[in-house]
Amino acid sequence: MKNISFRNDVLPLKNVLYRLALRITLSREEAEDIVQDTLIKVWSRRDDWQDIDSIEAFSLTVCRNLSLDRLKKAGTDNQPIGEGEASAADAGSDPYERMMQRDRVEQVKRIIDSLPERQKSCMQLRDFEGKSYREIAVALGMTEEQVKVNIFRARQAVKQKYNEIDRYGL
């Protein structure tokens with residue numbers, strides 16, 4: 001019998017849930033609300049936890065579904081992720097290099113944000129959260145093969161679009 005603890009098994013997922021919600025909604029405020037709603041929904045299903053194979057996959061699925069529902073309700077007129085979400089550049093480099101690094105990070109973020117939702121979610125969970133193909137498949141309700149295909153296509157699209165921008169300044 002599984003002994004799942006909200007404090008030890010669910011609460012530590014809040015940062016992963018936040019990043020997933022942020023990646024889908026592109027809004028910090030929405031992502032924070034979605035994480036709260038996710039935690040409430042997972043807590044309300046505590047009587048069913050023993051029947052759930054992975055509380056993490058269940059939580060990610062709830063978060064993803066709530067995020068997609070919010071997008072449908074609000075339309076998809078989201079603003080891109082703000083400056084604060086960009087990775088910090090190497091502090092030891094000169095100002096020109098820091099500016100170029102920031103620009104490259106912003107370009108890649110814009111490219112990722114423009115991907116189809118499934119590719120974006122798969123890429124987020126694999127490349128940014130370090131989840132296994134199996135965990136992603138369970139969380140997003142698809143086969144492992146579909147996850148691999150979506151990640152491959154997402155990476156190819158990012159690489160192609162980035163190279164076009166880098167080459168032609170588009």
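**Exercises: salt bridges and core in a predicted helical model**

Arg64 is buried, at 9% relative accessible area (buried means under 20%, with a 1.4 Å probe and protein chains only). Before we start: this is a predicted model, where local features need pLDDT of at least 70, side-chain atom pairs count only at pLDDT 80 or more, and totals for chains, interfaces and linings use all residues. Residues are numbered from 1 along each chain as its sequence is written, and side-chain values use heavy atoms, leaving out hydrogens and water.

**Exercise 1.** Find the salt-bridge partner of Arg64 and say which parts the pair ties together.

*Solution.*
- Look for a side-chain nitrogen of Lys or Arg within 4 Å of a carboxyl oxygen of Asp or Glu.
- Arg64 pairs up with Glu117, with 3.5 Å between the closest N and O atoms.
- Arg64 sits in helix H4 and Glu117 in helix H6, so the bridge ties together parts 53 residues apart in sequence (helices are DSSP runs of H or I, at least four residues, numbered from the N terminus).

**Exercise 2.** Work out which helix gives the most to the largest nonpolar core.

*Solution.*
- A nonpolar core is a set of buried Ala, Val, Leu, Ile, Met, Phe, Trp, Tyr and Cys residues joined through side-chain atoms within 4.5 Å.
- The largest one has 34 residues, and Trp49, Ile55 and Leu60 are among those touching the most other members.
- Helices supplying at least two residues each include H2 (14–25), H4 (55–74) and H8 (144–168).
- H4 wins, with eight residues.

Note on methods: Buried < 20%, exposed > 50% of the residue type's maximum accessible area, 1.4 Å probe, protein only.
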